[in-house]
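Work through the exercises below with the sequence and the model open side by side. Each task is followed by a solution that goes step by step.

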Amino acid sequence: MFSSPHSGRAYSAEFVRRARLSRLQLRLSEDAHVDELFAHAPACGAPLLAAKAPRAYVDLNRGPGELDPALIEGVRASGLNPRISAGLGVVPRVVAEGMPIHDGKIALADAQRRIERYHTPYHERLARLVADARRVYGLALLFDCHSMPSDALRANNQEGCRPDVVLGDRYGASAAAWVMDAVQDVFEAEGFAVARNSPFAGGYITQLYGRPARGIHAVQIEIDRSLYLDEARIRPGAGFSQMQTRLAAVVARLARLGSQPVRLAAE
């Protein structure tokens, strides 16, 4: 199954009105159009769960308890959490480049409503998909789909080896080695340069669902936005159609993964 938790773009008029940023600035947090890039999944028999709520409103790739005391009234600091400290909790305080979303704080009840309305149903549905796949097929493969700013890849651009795709399995904690090897092979067969776990190793979703010892494997997929997106205007770029075609082939092969390892295990 495929998950796209950061591609939501349904901005309510009330949220935009209350924010100190423009709609375009709010969209800087999106993994824009990633749901469209992986839209071929259902045709291949693999569910695609895509967010509707935007990441600037509620982040579905954070834990529901990751509440930011600098943003939400009545929340106390509890230990060191670098994501919360950076303003990137379950209800974000900032978008890209550290731009504050709100003037001042929001009510705790507001944060709780966002979580109850969007975060909880998303994860209830995703958990059911994972459990159903595990029960029916004996294993579950969850691909958590994201995109990364092209600037984030500069540190990885060594000796001309800039990756197009970064696969994250939390350094082996969320997926078995055979799964990561197979996923990398699929992307490379379609001509993508692939890196693993750097600069992105996986977030809350891979951490929560990935249980390779139980046959549940979660892999985060990060796509370089410069390959498909006009990053300044946050709209499909010149390479969008080509990327859709290439990823349709990738998705078709990813949807077939799993049958051979299960047979080998049975033998």
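The exercises that follow treat a pocket, a helix and some backbone features of this predicted model.

Residues are numbered from 1 along each chain as its sequence is written, and side-chain values use heavy atoms, with hydrogens and water left out. In this predicted model, local features need pLDDT of at least 70 and side-chain atom pairs count only at pLDDT 80 or more, while totals for chains, interfaces and linings use all residues.

**Exercise 1. Describe the largest pocket and its lining.**

Step 1. On a 1 Å grid over the protein atoms alone, a pocket is an open set of points where a 1.4 Å probe fits, with protein on both sides within 12 Å along at least five of seven lines, and lining residues have an atom within 4 Å of a point.

Step 2. The space in the largest pocket comes to about 780 Å³, where a volume is the space filled by probe spheres set on the grid points, which are joined across faces, edges and corners. Its lining has 37 residues, and the closest to the pocket centre are Leu-28, Arg-55, Ser-147, Pro-149 and Arg-225.

Step 3. Two elements, β3 (140-148) and β6 (216-224), each give two or more residues to this lining, and β3 gives the most, with three residues; strands are DSSP runs of E with at least two residues, and helices are runs of H or I with at least four, numbered from the N terminus.

**Exercise 2. Determine the span of helix α6 and what its buried residues pack against.**

Step 1. Helix α6 covers residues 177-189, 13 in number, and reaches 18 Å from its first C-alpha to its last, close to the 18 Å expected at 1.5 Å a residue; the expected span is 1.5 Å times one less than the number of residues.

Step 2. Val-179, Met-180, Ala-182, Val-183, Gln-184, Val-186 and Phe-187 are the buried residues of α6 (buried means under 20% relative accessible area, exposed over 50%, partly exposed in between, with a 1.4 Å probe and protein chains only).

Step 3. These buried residues pack against β3, β4 (165-168), β5 (194-196), β6 and α8 (240-254), contact meaning heavy atoms within 4.5 Å.

**Exercise 3. Is Asn-197, with its positive phi, buried or exposed?**

Step 1. Most residues other than glycine have a negative phi.

Step 2. Asn-197 has a positive phi near 65° and is found in the loop between β5 and α7 (204-209).

Step 3. Asn-197 counts as buried because its relative accessibility is 8%.
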